[in-house]
Amino acid sequence: MSATERVQLGSLHNGQQRRTAHEIVRDTLRHAILNGSLPGGSRLVQADIAAQLNVSTTPVREALRDLTSDGLVQFDPHRGAVVYQIDMGELKEIYEIRKALESLAIRLAASRITNEQLGEVTALQRNMVKEQDPAVWLTKNWKFHSLLEAAADPSPPGAPGRSPPGPPALNPPP
């Protein structure tokens, strides 16, 4: 039995907005991965996912391709699509890099942040403390850091060198 047979993906999809089947599958799987319903190493069987979400395998295949490019899924030649499982060495390396970059960003932001930006960051941080859904918390955490990054960087959004407007791997289903 695959992980997608055990996790009821249909219950994670709320269907409020009109979206393509591909977007629904992608966002539902992304949310299940980020909230831990589909942990690292879980097999993602296209036919099982398609049946649970009442779609054909084509949007499932497209969604898995997107999630692979986002780094959330990898293709194993023997097992097919599998949820990416980060190892401790990689995690430590990521945090060492983030620690160096974020301390610089905070120093720059502290001298440039506006009262409006500070209010927005403070409100978001208070909201994050109350958040129970890990996938939603990750999205809010990204927003928190992007607000501080914006305060640290005086160039306009979209300027060369600026980060893209959103984290594709962290958008939970609406």
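These exercises, each with a worked solution, concern a predicted model.

**Exercise 1. Helix H2**

Task: State how many residues H2 has, and compare its reach with the expected value. Then decide whether H2 is largely enclosed or not.

Solution:
- Step 1. H2 runs over residues 21-34, which gives 14 residues.
- Step 2. From the first C-alpha to the last, H2 reaches 20 Å, close to the 20 Å expected at 1.5 Å a residue.
- Step 3. A residue is buried when its relative accessible area is under 20%. In H2 the buried residues include His22, Ile24, Val25, Arg26 and Asp27. Also among them are Leu29, Arg30, His31 and Leu34.
- Step 4. Because twelve of the 14 residues of H2 are buried, the helix is largely enclosed by the rest of the structure.
- Step 5. The elements against which the buried residues of H2 pack are H3, H4, S1, S2 and helix H7 (134-152).
- Step 6. Just after H2 comes Gly36, with a positive phi of about 90°.

**Exercise 2. Asp66**

Task: Find the element that holds Asp66, classify Asp66 as buried, partly exposed or exposed, and name the residues it touches beyond four places in sequence.

Solution:
- Step 1. Asp66 lies in helix H4.
- Step 2. Buried means under 20% relative accessible area and exposed means over 50%. Asp66 has 22% relative accessibility, so it counts as partly exposed.
- Step 3. Leaving out residues up to four places away in sequence, Asp66 touches His22 and Arg26. Both His22 and Arg26 are among the buried residues of H2.
- Step 4. Asp66 and His22 are 44 residues apart along the chain, and their C-alpha atoms are separated by 9.6 Å.

**Exercise 3. H3 against H4**

Task: Describe how H3 and H4 pack, and sort the residues of their contact by character.

Solution:
- Step 1. H3 covers residues 46-53 and H4 covers residues 57-69. Their axes are 9 Å apart, at an angle of about 115°.
- Step 2. The crossing of H3 past H4 is right-handed.
- Step 3. H3 contributes Gln46, Ala47, Ile49 and Ala50 to the contact, while H4 contributes Thr57, Val60, Arg61 and Leu64.
- Step 4. Of the residues in this contact, five are nonpolar, two polar and one charged.

**Exercise 4. Strands S1 and S2**

Task: Give the sense in which S1 and S2 pair, and name the residue opposite Gln74.

Solution:
- Step 1. S1 (residues 73-76) pairs with S2 (residues 80-83) in the antiparallel sense, over four bridges.
- Step 2. Three residues lie between S1 and S2, and the two strands form a hairpin.
- Step 3. Opposite Gln74 stands Val82 in S2.

Technical notes:
Residues are numbered from 1 along each chain as its sequence is written. This is a predicted model: local features need pLDDT of at least 70, side-chain atom pairs count only at pLDDT 80 or more; totals for chains, interfaces and linings use all residues. Side-chain values use heavy atoms; hydrogens and water are left out. Two strands pair if DSSP finds at least two bridges between them. Axes are lines fitted to C-alpha atoms, for helices over the stretch in contact, and angles run from 0 to 180 degrees between N-to-C directions. A crossing is left-handed if the near helix is turned anticlockwise from the far one by less than a right angle, and right-handed if clockwise. Contact means heavy atoms within 4.5 Å. Ala, Val, Leu, Ile, Met, Phe, Trp, Tyr, Cys and Pro count as nonpolar, Asp, Glu, Lys and Arg as charged, and the others, Gly among them, as polar. Buried means under 20% relative accessible area, exposed over 50%, partly exposed in between (1.4 Å probe, protein chains only). The expected span of a helix is 1.5 Å times one less than its number of residues.
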